[in-house]
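User: Got a minute to walk me through this one? I'd like the fold, the core and the pockets.
Analyst: Sure, here it is.

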Amino acid sequence: MNSSELLLHPVRLRIVQAFLGDRTLTTAQLAEQLSDVPTATLYRHVSLLSTAGVLEVVSERRVRGGVERTLALRVDAARVTPDELATLSTEQHAAMFRAYIAHLLTAFDEYLAAGTPDLVADGAGYSMSGLWLSDAEFAELGAELGQVLASRIGNTPTDDRRLRMFASVVIPQDVPRNEG
């Protein structure tokens with residue numbers, strides 16, 4: 001199974017998301033968080049992700065005669081490589097994008113359903129901007145955004161920090177320029 005098939009399954013995508021932000025979880029904690037996923041299904045997908053090296057065991061402890069494993073996400077293994085992206089068909093890209101968008105919809109629906117959302121106070125939102133950029137300017141923007149994110153991606157949880165999911169989509173547009 002290639003990375004895109006592995007990672008973009010709806011249940012596996014939710015499992016990966018649960019670990020974002022450098023979180024560690026036991027399978028029991030994960031099952032609690034994804035309570036709508038049948039336990040057998042969850043364990044099967046956790047096993048697939050573990051076998052593929054996307055999830056790794058970071059600790060083990062004895063619990064009632066069994067072993068409870070605490071898992072963490074290997075972020076480097078939870079990505080579709082540029083080489084693999086280059087081999088995908090238009091239909092496969094469309095399916096991957098639909099899975100990505102479905103995942104964003106689910107995450108936003110969960111945020112809205114969790115209480116009384118205050119997008120401004122919570123720092124939540126969504127926006128779209130159109131930028132006229134040369135290839136060099138676009139590469140520079142990507143590097144700058146990468147530096148900003150890298151400076152904070154290693155933050156650990158504290159009482160005053162809240163996990164915030166940052167998602168991005170870039171879609172080149174071929175539109176006529178307004179020359180007038």
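**Burial, fold and pocket**

Analyst: This is a predicted model. The protein has 180 residues, and 22% of them count as buried.

User: What does the confidence look like on average?
Analyst: The mean pLDDT of the protein is 88. A score of at least 70 is reached by 98% of the residues.

User: Which elements have the lowest and highest mean pLDDT?
Analyst: α1 has the lowest, at 81. α4 has the highest, at 95.

User: How many helices and strands?
Analyst: Eight helices and three strands. In sequence order they run α-α-β-α-α-β-β-α-α-α-α.

User: And what does the C-alpha trace span?
Analyst: About 75 × 40 × 30 Å along the principal axes.

User: What share of the contacts joins residues 24 or more positions apart?
Analyst: It's 53%, counting contacts with a separation of 6 or more.

User: On to the core. Which residues touch the most other members in the largest nonpolar one?
Analyst: I15, F19, L30, L49, V54 and L55. That core has 19 residues.

User: Which elements give two or more residues to it?
Analyst: α1 (3-7), α2 (10-19), α4 (39-51) and β3 (66-73). α2 gives the most, with five residues.

User: Is there another core, and what is in it?
Analyst: Another core of five residues lies apart from that one. Its members include L8, L13, L88 and M96.

User: Why would nonpolar residues gather like that?
Analyst: In soluble globular proteins, nonpolar side chains tend to be buried together.

User: Back to L55. What is it in contact with, beyond four places in sequence?
Analyst: L55 is in contact with I15, F19, V46, L49, S50, L71, A72 and L73.

User: Now pockets. How much space lies in the second largest one?
Analyst: About 200 Å³.

User: Which residues line the second largest pocket?
Analyst: The lining is made of T26, T27, A28, Y43, V46, S47, S50, V57, V67, E68, R69 and L71. α3 (27-33), α4 and β3 each give two or more residues to this lining.

User: How does the lining of that pocket split by class?
Analyst: Six residues are nonpolar, four are polar and two are charged.

User: Which residues turn up both in that lining and among the contacts of L55?
Analyst: V46, S50 and L71 are in both lists.

User: Remind me, where does α4 come in?
Analyst: α4 gives two or more residues to the largest nonpolar core. It also gives two or more to the lining of the second largest pocket. Its mean pLDDT is the highest among the elements.

Definitions and conventions: Residues numbered from 1 in each chain as written. Predicted model: local features only at pLDDT ≥ 70, side-chain atom pairs only at ≥ 80, totals over all residues. Heavy atoms only, no water. Core = buried A, V, L, I, M, F, W, Y, C linked by side-chain atoms within 4.5 Å. Buried < 20%, exposed > 50% of the residue type's maximum accessible area, 1.4 Å probe, protein only. Helix = DSSP H or I, 4+ residues; strand = E, 2+ residues; numbered from the N terminus. Contact = heavy atoms within 4.5 Å. 1 Å grid on protein atoms, 1.4 Å probe; cavity = no way out; pocket = protein on both sides within 12 Å on 5 of 7 lines; lining within 4 Å. Points joined across faces, edges and corners; volume = space filled by probe spheres on them. Nonpolar A, V, L, I, M, F, W, Y, C, P; charged D, E, K, R; others polar. pLDDT = per-residue confidence, 0-100.
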